[in-house]
Amino acid sequence: MAVDRERVSALVRELLEAIGEDPDRPGLRATPERVADAYAEFFSGVGEDAAAPLAHTISVTRGPAPDTLPSGAVMLRDIRFRSVCEHHLLPFAGRAHVAYLPGEQVVGLGALPRVIDILAARPQVQERLGEQVADTISGSLDTHGVLVVLDAMHECVTMRGGRQPVASTVTIAARGDFTEPAARAEVIALLTGGGA
């Protein structure tokens, strides 16, 4: 579902009036349209299938390199993401680290950031975002385990409330073999740079 830019623009104009501003003053005249364009980008994942990027898989035994079967986790670190917190409609942004234990099928590494982009482009909370990424990967790929670590800074923490300008939030979502504490700890150390 596409964002209704015209409606968002009208609502932003009303919001400006509600905070005591004049939406017709020179600095604000284009603001409603600018916000509508930004929201169309921020919320482009609403209604989009997050599993679609994982539809094309590669056989590890019959693929281009059958002599190099993975014996451990496939990991992608430092995937930049940004989202909007559904509680205050303020941004949060950070890095995602993803690992999965492949079965017979693997996916191109570029598909993993796309899954995160789709799921992050919705009103979100970080905890649910990590769980949704883990569920999408484990539900779409032949995996023995999935681990998703998100580390993000939230403007609702840095700019309001407690006003902690350098505080970040870390969440972990684990599926399959990575629900076992020792396996999870080893991969978290590698994903977050503590064991490479």
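# Sheet, cores and rings

Me: Which residue stands opposite V146 in β7?

Reply: In β7, the residue that stands opposite V146 is R175. A word on the basis of all this: it is a predicted model, where local features need pLDDT of at least 70 and side-chain atom pairs count only at pLDDT 80 or more, while totals for chains, interfaces and linings use all residues. Residues are numbered from 1 along each chain as its sequence is written, and side-chain values use heavy atoms, with hydrogens and water left out.

Me: OK, and how many bridges join β6 to β7?

Reply: There are eight bridges between β6 and β7, and the two run antiparallel. Two strands are said to pair if DSSP finds at least two bridges between them, and the elements themselves are DSSP runs numbered from the N terminus, with helices being H or I runs of at least four residues and strands being E runs of at least two.

Me: What order do the strands take in the sheet?

Reply: The open sheet is formed by five strands in the order β5-β2-β3-β6-β7, with mixed pairing. β5 and β7 (169-176) stand at the edges with a single partner strand each, so one side of each has no neighbour in the sheet.

Me: How do β2 and β3 pair, parallel or antiparallel?

Reply: β2 and β3 pair in the antiparallel sense, over nine bridges, and one of the partnerships sets M75 against A99 in β3. The two strands make a hairpin with five residues between them, and L89 in that turn has a positive phi of about 55°. On the other hand, β2 runs parallel to strand β5 (residues 123-124), to which two bridges join it.

Me: And which residue in β5 is the bridge partner of C85?

Reply: The partner of C85 in β5 is Q124.

Me: C85 is a cysteine, so how many disulfides does the structure hold?

Reply: It holds zero disulfides, a disulfide being a pair of cysteine sulfur atoms within 2.5 Å. For C85, the nearest cysteine sulfur is that of C156, which is 4.5 Å away.

Me: Are those two cysteines buried or exposed?

Reply: C85 counts as buried, at 5% relative accessibility, and C156 is buried as well, with a relative accessible area of 15%. Buried means under 20% relative accessible area, exposed means over 50%, and partly exposed is in between, using a 1.4 Å probe and protein chains only.

Me: Switching topic, how many residues has the largest nonpolar core?

Reply: The largest nonpolar core has 32 residues, and L54, F81, Y100, L112, L129, I137 and V148 have the most contacts inside it. Such a core is a set of buried Ala, Val, Leu, Ile, Met, Phe, Trp, Tyr and Cys residues joined through side-chain atoms within 4.5 Å. At least two of its residues come from each of β2 (74-85), β3 (91-102), β4 (105-107), α3 (111-120), α4 and β6 (143-154), and α3 gives the most, with seven residues. A second, separate core of nine residues includes A99, L147, A174 and F178.

Me: What does L129 touch?

Reply: Leaving aside residues up to four places away in sequence, L129 touches F81, F92, L119, A120, Q124 and L150, where contact means heavy atoms within 4.5 Å.

Me: Where does Q126 lie, and what does its side chain join?

Reply: Q126 lies in helix α4 (residues 126-140) and is buried, with a relative accessible area of 1%. Its side chain and that of T171 are joined by a polar contact of 3.3 Å. That term covers a pair of N or O atoms within 3.5 Å; within protein, one must be able to donate a hydrogen and the other to accept it, and residues adjacent in sequence count only if both atoms are side-chain atoms.

Me: Last thing, how many aromatic pairs are found?

Reply: A search of the whole structure finds three aromatic pairs. The ring centres of Y39 and F42 are 6.3 Å apart with planes at 45°, so this pair is tilted. Y39 and F42 are three residues apart in helix α2 (residues 31-42), about one turn of the helix. Y39 and F43 have ring centres 5.2 Å apart and planes at 90°, so they are edge-to-face. Rings of Phe, Tyr and Trp (its six-membered ring) pair if their centres lie within 6.5 Å, and planes under 30 degrees apart count as stacked, over 60 as edge-to-face and the rest as tilted.

Me: Which of them is buried and which partly exposed?

Reply: F43 counts as buried at 9% relative accessibility, whereas Y39 is partly exposed at 25% and F42 is partly exposed with a relative accessible area of 26%. Ring pairs link Y39, F42 and F43 into a cluster.
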